[in-house]
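Subject: Structure for you to look at

Hi,

Here is the structure I promised to pass on. Please open it alongside this email.

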Amino acid sequence: MTKETKIIAGVLAGAALGAAIALILSSDKSDDLKNDVTDWFSDLIDSSKDKLASVSDTVKDSISNAKDSFAHAKESATDSVKDSISKVKG
């Protein structure tokens, strides 16, 4: 996620939270609205947790792949240097 995307997501999450709290606090009607908002907010949190776990897994996989690529490149470079030294000595 880019910095701008994180900021937009934070603003949207804050707006949703503010709207939910405003509805809960201002509602003098039946508890149905409060229950609906509470259920919606709970679903939103669960969905966010799932998405965060998915992003976390993707980042971990990318880091692992980058480490593997770096190790392979390092090994190839070391082999090339050794071959060059052997040719010079040769």
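Below is what was found in it, starting with the whole chain and moving on to single residues.

Please keep in mind that this is a predicted model.

Overall form

The chain has two helices and zero strands. Its radius of gyration is 26 Å, while the globule rule gives 12 Å for 90 residues, so the chain is more spread out than a compact globule. The box filled by the C-alpha atoms says how: roughly 90 × 20 × 10 Å along the principal axes.

Burial is scarce in numbers: 4% of the 90 residues count as buried. The accessible surface comes to about 7,600 Å². Carbon and sulfur atoms account for 61% of that surface.

Helix α1

Helix α1 covers residues 3-26. Ile 21 is found there. With a relative accessible area of 40%, Ile 21 is partly exposed, because that value lies between the 20% and 50% cut-offs. Ile 21 also belongs to a nonpolar surface patch, together with Leu 17, Ile 24 and Leu 25. The patch measures about 350 Å².

Helix α2

Helix α2 runs over residues 31-89. Three of its residues are worth a look.

- Asp 43 lies in helix α2. Its relative accessible area is 53%, so Asp 43 is exposed; the cut-off for exposed is over 50%.
- Ser 47 has its place in helix α2 too. Ser 47 is partly exposed, at 30% relative accessibility.
- Asp 57 is also placed in helix α2. Asp 57 is partly exposed, with a relative accessible area of 46%.

Charge

Where does negative charge gather in a patch on the surface? The patch is made by Asp 32, Asp 36, Asp 39, Asp 43, Asp 46 and Asp 50. Asp 43, the exposed residue from the list above, is thus one of its members.

Over the whole chain there are 12 positive and 15 negative charges. Their mean positions are 13 Å apart.

Two distances

Both of these are C-alpha to C-alpha. Ser 47 and Lys 82 are 35 residues apart along the chain, and 53 Å separates them in space. Asp 57 and Gly 18 are 39 residues apart in sequence, with 30 Å between them.

To sum up, this is a chain of two helices, more spread out than a compact globule. A nonpolar patch includes Ile 21, and a negative patch includes Asp 43.

Best wishes

Definitions and conventions: Residues are numbered from 1 along each chain as its sequence is written. This is a predicted model: local features need pLDDT of at least 70, side-chain atom pairs count only at pLDDT 80 or more; totals for chains, interfaces and linings use all residues. Side-chain values use heavy atoms; hydrogens and water are left out. Patches are made of residues with over 30% relative accessible area and no salt bridge: like charges are joined within 9 Å, nonpolar side chains (Val, Leu, Ile, Met, Phe, Trp, Tyr) within 5 Å. Accessible areas come from the Shrake-Rupley method with a 1.4 Å probe; for residues, only the protein chains shown count as cover. A salt bridge is a side-chain nitrogen of Lys or Arg within 4 Å of a carboxyl oxygen of Asp or Glu. Lys and Arg count as positive and Asp and Glu as negative; His and the chain ends are not counted. The place of a charge is taken as NZ of Lys, CZ of Arg, CG of Asp or CD of Glu. Helices (H or I, at least four residues) and strands (E, at least two) are DSSP runs, numbered from the N terminus. Buried means under 20% relative accessible area, exposed over 50%, partly exposed in between (1.4 Å probe, protein chains only). The radius of gyration is taken over C-alpha atoms; the globule rule is 2.2 Å times the number of residues to the power 0.38.
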